[in-house]
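Here are my notes on this structure, set out as numbered points. I hope they are handy as you look through it yourself.

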Amino acid sequence: MIPKKILIVDDEIIIARELEARLTLLGYEVTGIASSGREAIALIEETEPDLVLMDIVIKGDLDGIETAAKIRRRWSIPVIYLTAYTDDTTLQRARITEPFGYIVKPFSERELRANIEMALYKHEAEIKQRNIENWFAASMRGIADGVIATDRETLVTFLNPVAEWVTGWGAREAIGRQAKEVFQMLSANDYEQLIDPISTTLTSGIVTDISGNVFLLNRKAEKIPIDYSAACLRDESRNPTGVVIVFRDLSERQRTEGLLRDTQEQLIQAQKMEAIGRLAGGIAHDFNNLLTAIIGYSQLVMDQLQDNDPIYLKIAEVEKAGKRAAELTGQLLAFSRKQVLQPKVINLNAVIDDIEKMLRRLIGEDIDFSVIPDPQLDSVKADPRQMEQIIMNLAVNARDAMPQGGKLTIETANIHLDETYASDHVTIKPGPYVLLAVSDTGIGMDKETQSRIFEPFYTTKEFGKGTGLGLSTVYGIVKQSGGNIWIYSELNQGTTFKVYLPSINQKLEINDAQQAASTPHGGSETLLLIEDEEAVRTLARQILEMNGYTVIEASNGIEAINLCQIHQDAIEMVITDVVLPGLSGSDLVEQLRAMGYDKKILYMSGYTDRTIVSHGILEPNIAFLEKPFTPASLSKKVRELLDEEAIEE
């Protein structure tokens, strides 16, 4: 692994040389020592360091803070300040430059390494976040709908080309103006229907349903029929920061004759769901690699600190945020049907029985909860974890629909759906199914809400009561499992969700969770690790080496083949990412098998492709570790596979 390059800026040469020696012992490369701000800038041009350690007080016409400001503006290289003293004025000036760390002399090697590593990974996260934002902005410019974004004062901050074309406003002219001037309705009442809920959302934080069909007046005073929806933008603390409005010009659709309105609306809805799914899946893939590094390194740092250490508490918050992000990523993958499922032949009655006690605690005593199982229920082939998630999400949704109490019923039954039923439900094929029905006596839903209930981030709940991903997750899991879901609801009459899964005539499989106890996770074997994402590869190598393994690492398939030719007799297991540049993980394994390598293979991924899965279902006899993984889950999986190899021999 190439060591990270660091530039030292300190006008005390003895201190700088001592710091250089400490950094070298820690495995970093010191590219140079600068005694002034101008010398530091010249060395950056020459050596291109990854990070700068900057003494705040240095001689010359530029002090440390002024030098850091120039470095951040010109190269965006992370800077960590070093100082022997602080005062309020210096701190205030230093904050303006957004440093990546602030170390007070004297400091320990552990403190130095912790600050450097966190700064490097924060910088990498910033770069990836910037790339994602640029990609997202490019995507918004390329979609067929108009998009307008505002800040908290409803001043326009973004306009995509479609919005420019429909409204007649250029982006440069529109940005900074009030939204009501750019997104002008035919009448004041129409605009109030949009802006009042937006203002309420921004001031109170309560999510309000904002959508409708209206007429927009462009700059030429032309009357254009549109449909629109608006959603609140939020910062990391979930505080409202603005609004995004998405709208579609309906002129062409209204001019088209001979098409059935309902069929057209269904098609638009299906296309929107598919497009959102692709977008969600792509974002989730990139985030899973990033979250693997964030969560993994957080846990490694925490393992080296005492529970009451201030740094431990800060890292714990990073880990907590990473896990929350991982949960959202998992929900996005579920909706986009990009999860890797590990199905088994199961009985839904047994799944409900396993979580019934938890459900009763979750639902509360003010709701009459009953389960009506079919004692002769057929089996289905599905991922038991995902079936639990479906039941939990539907039960929680039912509970929230009954704030004053009510009745919740979960039923199972064997159902044969005939041709007549299938003709009324276009995605259903006739045949035998297992029915899972979740019914409540709650507030119910109108037709418009029912038409959008499975869209991600769509919610009718108050702020803080839901992310809008629960039912979209259910939808994605059911579809990926080969089933269908339907909703029956009327206002003030309650709601029933019906999930249909194809029944299967096979013997039930044992749940892995019921099998025996864990084994030690360490070992001394030699492992070949292939991962193109450097942060994830470095993390995995450190975890495995901490557990006693010898790790040979590669960043792509070609490099892995060359290493396997050199070390083939020593390598006991190959651990490879599924999606690699050039040569995919499965193609790599095929070539290794052709070379005579016959040991265990462990695949890693946070996203499905079509090499080790079929429609998201893991192929038989394939070992798989889902990203984002933790140090414990990686070491446990590796040990289990190696022990399995030993038993087979």
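1. Let me begin with a pair of helices in this predicted model. H19 and H20 cross with a right-handed sense. Helix H19 covers residues 557-567 and helix H20 covers residues 585-594; their axes lie 10 Å apart, and the packing angle is about 20°. With that angle, H19 runs roughly parallel to H20.

2. Which residues of H19 and H20 meet? From H19 come Gly557, Ala560, Ile561 and Cys564, and from H20 come Leu588, Gln591 and Leu592. Sorted by class, the contact of H19 with H20 holds 5 nonpolar and 2 polar residues, with no charged ones.

3. A second helix pair is worth a look alongside that one. Helix H13 (residues 348-363) and helix H14 (residues 384-400) have axes that come within 10 Å and cross at roughly 35°. The crossing of H13 and H14 is right-handed.

4. On the H13 side of this contact you will find Leu348, Val351, Ile352, Ile355, Met358, Leu359, Leu362 and Ile363. On the H14 side, Met387, Glu388, Ile391, Met392, Ala395, Val396 and Arg399 meet them. By class, the contact of H13 with H14 has 13 nonpolar residues, no polar ones and 2 charged ones.

5. Now to the charged pairs. How many salt bridges does a search of the whole structure find? The search returns 19 salt bridges. I have picked out a few of them below.

6. Arg22 and Glu109 form a salt bridge, with 3.0 Å between the closest N and O atoms. Arg22 belongs to helix H1 (residues 13-25) and Glu109 to helix H5 (residues 109-142), so this pair ties together parts that are 87 residues apart in sequence. The two partners are placed as follows: Arg22 is buried, at a relative accessible area of 12%, whereas Glu109 is partly exposed, at 38% relative accessibility.

7. Another salt bridge joins Arg541 to Glu545, where the closest N and O atoms are 3.2 Å apart. Both residues sit in helix H18 (residues 534-546), and their spacing of 4 residues is about one turn of the helix. Is Arg541 buried or exposed? Arg541 is buried, with 14% relative accessible area, while Glu545 counts as partly exposed at 37% relative accessibility.

8. Please also look at what surrounds that pair. Arg541 and Glu545 belong to a network of salt bridges that also links Arg537 and Glu553.

9. In helix H21 (residues 631-648), Glu640 and Lys636 are 4 residues apart, about one turn of the helix. Their side chains meet in a salt bridge at 2.4 Å, N to O. Glu640 is partly exposed at 33% relative accessibility, and Lys636 is partly exposed at 32%.

10. Next, a single residue: Thr292, which has its place in helix H11 (residues 261-303). Its relative accessible area is 0%, so Thr292 is buried. What does Thr292 contact, leaving aside its neighbours within four places in sequence? Thr292 is in contact with Val536, Leu539, Lys627, Pro628 and Phe629. Val536 falls within helix H18 (residues 534-546), the helix that also holds Arg541 and Glu545.

11. Asp440 is my other single-residue stop, and you will find it in strand S15 (residues 431-440). Asp440 counts as buried, at 9% relative accessibility. Not counting residues up to four places away in sequence, Asp440 touches Ala398, Ala401, Met402, Lys407, Gly494 and Thr495. Asp440 and Asn397 are 43 residues apart in sequence, and their C-alpha atoms are 9.4 Å apart in space.

12. To finish, a few totals for the protein chain. The secondary structure comes to 21 helices and 24 strands. Of the 649 residues in the chain, 47% count as buried. Among contacts with a separation of 6 or more, 66% are between residues 24 or more positions apart.

Notes: Residues are numbered from 1 along each chain as its sequence is written. This is a predicted model: local features need pLDDT of at least 70, side-chain atom pairs count only at pLDDT 80 or more; totals for chains, interfaces and linings use all residues. Side-chain values use heavy atoms; hydrogens and water are left out. A salt bridge is a side-chain nitrogen of Lys or Arg within 4 Å of a carboxyl oxygen of Asp or Glu. Helices (H or I, at least four residues) and strands (E, at least two) are DSSP runs, numbered from the N terminus. Buried means under 20% relative accessible area, exposed over 50%, partly exposed in between (1.4 Å probe, protein chains only). Axes are lines fitted to C-alpha atoms, for helices over the stretch in contact, and angles run from 0 to 180 degrees between N-to-C directions. Angles under 35 degrees count as roughly parallel, over 145 as roughly antiparallel, 65 to 115 as roughly perpendicular and the rest as oblique. A crossing is left-handed if the near helix is turned anticlockwise from the far one by less than a right angle, and right-handed if clockwise. Contact means heavy atoms within 4.5 Å. Ala, Val, Leu, Ile, Met, Phe, Trp, Tyr, Cys and Pro count as nonpolar, Asp, Glu, Lys and Arg as charged, and the others, Gly among them, as polar.
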